[in-house]
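Take a moment to turn the model around on your screen before reading on. We will then walk through it together, one part at a time.

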Amino acid sequence: MRIGAHVDPAEPLAEAAARGADLIQFFLTDPQAWTDPKDRADAEAIRTAEIDVYVHAPYRINVASSNNRIRIPSRKLLFSHAAGAAQVGAKGLIVHGGHVEKADGLDAGFDNWRKTFAYAAEQGGFATPVLIENTAGGDNACARRFDNLARLWDAIGDYEVGFCLDTCHAHAGGEDLLDIVDRVKAITGRIDLIHANNSRDGFDSGRDRHDNMTSGEIDPELIVAVIRAAGAPALVETPGGAEGQGADINYLRERLA
């Protein structure tokens with residue numbers, strides 16, 4: 001079972017070594033900016049390293065939105081980050097499920113996702129596989145509640161799209177971790193990556209605040225069970241830098257051995 005961490009993008013390989021990580025995830029740009037990624041001088045080194053690489057798309061991206069000033073730049077940014085992720089040999093580009101402005105706009109939001117993947121298919125597909133991640137908050141979110149996730153997958157499931165399951169987001173979003181792998185796979189047919197995070201806040205809080213394995217509101221053995229049941233690579237997006245994340249990686253490795 002390959003276990004890793006989300007790391008600072010400046011020197012991701014050094015960050016991986018400091019944590020003893022099998023895989024890493026990082027941003028290609030400021031996650032809060034509408035910025036296309038630039039070529040990296042270390043792209044070949046990252047691409048040929050023995051660790052697996054994932055890229056997280058900017059938080060700004062929301063292709064579900066009915067607002068043209070958000071949706072259209074979001075699509076362009078998703079494409080540019082998929083291309084940037086391909087340059088570093090990423091196995092997946094993780095993007096949040098997004099949201100709509102009003103509850104009665106969810107159908108349009110799901111269709112906007114469909115149009116995004118349909119357009120990508122016409123262009124030969126995304127340069128890097130896109131993994132949609134469940135989110136923690138928002139009553140009008142496309143991928144917080146799993147009833148909405150099922151509606152999203154009805155719209156996009158025929159395209160090449162993967163899924164990233166975040167344990168903190170699920171807990172804070174009001175989805176029980178006990179049987180979550182079976183429920184997700186019944187909807188998506190797959191789990192490509194686990195974001196193995198504990199939560200600083202309670203069940204169904206709607207708050208996206210990660211915590212270390214043994215410090216949060218989730219029983220850490222439940223997180224271990226999710227990874228084991230999913231059979232997917234996992235990475236932590238937890239606080240504490242190399243020390244805190246390294247401890248979380250070791251905790252997971254020992255229990256998954």
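Helix α8 crosses helix α9 in the right-handed sense. Keep in mind as you look that this is a predicted model. Helix α8 covers residues 220–230 and helix α9 covers residues 241–256; they pack at an angle of about 65°, and their axes lie 10 Å apart. Which residues make the contact? From α8 come Pro220, Glu221, Val224, Ile227 and Arg228, while α9 brings Tyr251, Leu252, Arg255 and Leu256. Sorted by class, this contact of α8 with α9 has six nonpolar and three charged residues, with no polar ones.

Now let your eye move to the strands. Eight of them form a closed barrel, in the order β1-β2-β3-β4-β5-β6-β7-β10, and the pairing is parallel. From one strand to the next, the twist averages 30°. Let us follow the beginning of that order, strand by strand.

Strand β1 (residues 3–6) pairs with β2 in the parallel sense, and two bridges link them. If you find His6, you will see Gln25 of β2 opposite. How does the chain get from β1 to β2? Helix α1 (residues 12–19) joins with β1 and β2 to make a right-handed β-α-β unit.

Strand β2 itself, residues 23–26, is a nice place to look at side chains. In a regular strand, side chains take turns between the two faces of the sheet. Here Leu23 and Gln25 point one way, Ile24 and Phe26 point the other way, and all are buried.

On to the next neighbour: β2 pairs with strand β3 (residues 52–56), again in the parallel sense, this time over four bridges. One landmark here is Leu23, which stands opposite Asp52 in β3.

Is β3 covered or open on its two faces? Both faces are covered: Asp52, Tyr54 and His56 are buried on one side, and Val53 and Val55 are buried on the other. Put as a count, five of the five residues of β3 are buried. To reach β4, the chain leaves β3 and passes through helix α3 (residues 68–87), making a right-handed β-α-β crossover.

Strand β4 (residues 92–96) then pairs with β3 in the parallel sense over three bridges. Two partnerships help you line the strands up: Tyr54 has Gly92 of β4 as its bridge partner, and His56 stands opposite Ile94 in β4.

For a last stop, pick out Thr116, a residue of helix α4 (residues 106–122). Why does Thr116 count as buried? The cut-off for buried is under 20% relative accessible area, and Thr116 counts as buried because its relative accessibility is 1%. And which residues does Thr116 touch, leaving aside those up to four places away in sequence? They are Val63, Arg75, Leu78, Phe79 and Phe126.

Note on methods:
Residues numbered from 1 in each chain as written. Predicted model: local features only at pLDDT ≥ 70, side-chain atom pairs only at ≥ 80, totals over all residues. Heavy atoms only, no water. Axes fitted to C-alpha atoms, helices over the stretch in contact; angles between N-to-C directions. Left-handed = near helix turned anticlockwise from the far one by under 90°. Contact = heavy atoms within 4.5 Å. Nonpolar A, V, L, I, M, F, W, Y, C, P; charged D, E, K, R; others polar. Buried < 20%, exposed > 50% of the residue type's maximum accessible area, 1.4 Å probe, protein only. Pairing = 2+ DSSP bridges. Right-handed = clockwise from strand over helix to strand, strands pointing away.
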